[in-house]
Amino acid sequence: MNKPTTLLAVAAFVVTALTMFRDSVVDGVDDPPGPANLSQPMASKPLAAPALEGPVNDEVGKRAQTDSGLAAHVALKYRFLLSELRLDAPTSEKLTKYLLERESITQAAEKESSNGDEDVGDLLRRHQLRLTEIDAGVQALLQAADQANYTALKDSDAEQRRLYDYLGGIRNVAPLDERQERAILEAKLRQKQRYQGVVRDSGLDRDVLSSAEREYAHANLARGLKQYLDDFLVETAPVLTHDQYVLLRSYETTEFTLELDRLQRKINAK
Amino acid sequence: MIQRIFLGGLLIAAASAASAATNRPDGYVTICRIGESCSVSTSTNVAFGASGQFVFKVLTGSFNCAVATFGSDPIPSKSVKECSIPEGSSGGGGSTPPPATGSVTGSSCSTSGSQTTVNETIRVTSGTYDGGCRRFNAGSGLGDGGQSEGQDPVFRVENGATLRNVVIGANGADGIHTYNGAVLDNIYWMNVGEDALTIKSSGTTTVRNIEGYDAEDKFFQVNAASTLNVSNCIIHRAGKALRQNGGTTFKIAVTFDACDINTMREGVFRTDSSSSTARLTNSRLHNAGSVCIGSWASCTQSGNTSY
């Protein structure tokens with residue numbers, strides 16, 4: 001890790017995954033939810049994906065070798081981390097395996113959640129021990145600045161989905177470059193961190209709320225969400241063109257309204 | 001716009017603090033529901049909303065319990081909203097009975113948003129394009145909004161992408177085209193041009209929470225074997241609500257649910273294909289003509305009322 005060599009294996013992994021995404025955009029009818037400029041290469045030439053022997057987890061290692069969708073997901077989700085890393089080959093392979101396992105667990109929880117009543121958060125809590133081990137393993141491979149980046153990105157699926165939904169919608173009108181995409185995502189994750197305190201304070205983790213507690217939760221979350229949206233928009237405005245900003249504001253205002261509605265129903269059910 | 005959003009947000013936050021997430025603020029009583037007309041005898045601070053989210057306006061006399069009256073929709077995701085006044089105030093309403101089945105509210109966009117002139121069709125090829133209820137008015141390059149064929153659309157939505165919160169302005173040109181399926185949510189056509197929506201290639205097009213006026217000929221035009229599911233729609237004044245391209249025999253499958261269809265010169269659904277199907281449910285009809293015109297394989301209806 002101390003040797004400042006470029007992380008060729010990780011770069012190759014990213015390029016392979018992004019190339020796969022780009023090809024599917026060109027070949028297929030269905031555009032995947034990806035960034036507007038996926039066709040821009042992240043390295044000068046595509047390289048082979050890293051070997052995945054020496055399992056952190058055998059089952060996940062096998063799945064990662066055969067599941068190109070999972071590899072592409074990891075490459076996309078962590079692209080703002082992976083593109084900056086300077087790790088030696090063995091370290092990068094270890095990192096890749098950790099990330100694949102983490103996302104495999106997360107995706108399995110999401111799949112289970114979509115089939116039943118339990119939500120993703122509850123399912124992930126059941127896997128918490130292994131996720132904690134993985135996070136510790138990843139952090140040990142990274143330097144301080146990258147650790148913070150990883151911490152922000154690892155739970156950013158919902159925010160990234162929304163980002164790509166917005167990017168897809170405006171890609172023919174006012175496409176964003178990678179710098180702008182990153183600025184939006186980072187702003188969103190920063191404000192989300194503050195908002196999570198409001199959620200914790202609103203008692204949503206409790207099974208039952210009194211009438212007064214419900215009233216407090218409604219007011220607190222409405223205020224907190226509005227602050228989240230306002231602060232996010234203030235932070236992103238300087239990096240966007242007028243058209244990009246107007247469309248982001250419209251998109252996010254609708255999404256936050258839907259989220260408030262979802263939370264209100266959740267509160268009322270308690 | 002920023003100021004308006006901020007003000008709206010403050011109103012929402014303030015209202016939330018004072019309510020327990022019912023359809024009226026604490027200390028208020030409901031006098032009518034959305035779509036009804038009601039009245040207050042003196043200047044009264046009337047609340048409009050649902051689920052703890054409200055906007056307020058001081059009103060006197062008769063008014064419609066509607067987004068247009070209050071200037072904004074405090075909770076677009078809720079179709080049923082109430083107008084309420086402080087306990088002890090004098091008011092009443094509910095003169096128009098609510099729909100017998102379902103809730104037909106159409107689009108929550110008002111027509112007073114800022115206007116953008118569209119000189120080149122806006123393509124939405126993935127993800128979601130959210131127009132923020134701005135008006136998108138066709139420039140002359142797209143067409144004049146009359147009945148001439150060959151006009152270009154204001155929006156072209158493809159591959160299952162979503163278009164939402166859009167007002168198509170006074171010059172609607174050829175409205176919206178869809179290719180390979182699409183989702184259209186909360187769209188308002190002020191004055192339909194050639195057609196409001198044309199399905200150009202196969203796929204499933206889902207349309208909800210829409211409202212449109214004055215389609216001289218067709219509102220929906222279907223030019224390819226496809227599925228069209230429409231819910232919560234208001235179609236005022238048109239030749240037909242839907243027309244499968246004349247003389248074609250491919251199969252289309254159409255459902256309309258919770259719609260208000262009024263003043264159709266000819267009728268609701270028309271096809272020349274004996275393999276196509278249509279179904280109209282839970283809707284309100286007024287001078288709507290024949291529901292099924294042509295050689296449908298199946299054209300059914302249930303739960304509809306006339307008014």
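## A helix pair in chain A and a strand in chain B

In this predicted model, the axes of helix α5 (residues 89–115) of chain A and helix α7 (residues 128–141) of chain A come within 10 Å and cross at roughly 155°. Axes are lines fitted to C-alpha atoms, for helices over the stretch in contact, with angles from 0 to 180 degrees between N-to-C directions. Helices (H or I, at least four residues) and strands (E, at least two) are DSSP runs, numbered from the N terminus. The crossing angle therefore makes α5(A) roughly antiparallel to α7(A) (a term for angles over 145 degrees).

From α5(A), A:T91, A:K94, A:L95, A:Y98, A:E101, A:R102 and A:I105 meet A:R130, A:L131, A:I134, A:G137, A:V138 and A:L141 of α7(A); contact requires C-beta atoms, placed from the backbone, within 7 Å.

In chain B, strand β11 (residues 176–179) is covered on both faces. On one side B:I176 and B:T178 are buried, and on the other B:H177 and B:Y179 are buried (20 or more other C-beta atoms within 10 Å of a residue's own, with C-beta atoms placed from the backbone). The table lists the partners of β11(B), where pairing requires at least two DSSP bridges.

| Partner of β11(B) | Sense | Bridges |
|---|---|---|
| β9(B), residues 155–158 | parallel | four bridges |
| β13(B), residues 197–199 | parallel | three bridges |

Within these pairings, B:I176 is the bridge partner of B:F155, and B:T178 stands opposite B:I199 in β13(B).

Residues are numbered from 1 along each chain as its sequence is written, and chains are lettered from A and ligands numbered from 1 in the order in which they are written. Local features need pLDDT of at least 70 and side-chain atom pairs count only at pLDDT 80 or more, whereas totals for chains, interfaces and linings use all residues.

Conventions. Angles under 35 degrees count as roughly parallel, over 145 as roughly antiparallel, 65 to 115 as roughly perpendicular and the rest as oblique. Two residues are in contact if their C-beta atoms, placed from the backbone, lie within 7 Å. A residue is buried if 20 or more other C-beta atoms lie within 10 Å of its own, exposed if 12 or fewer, and partly exposed in between; C-beta atoms are placed from the backbone.
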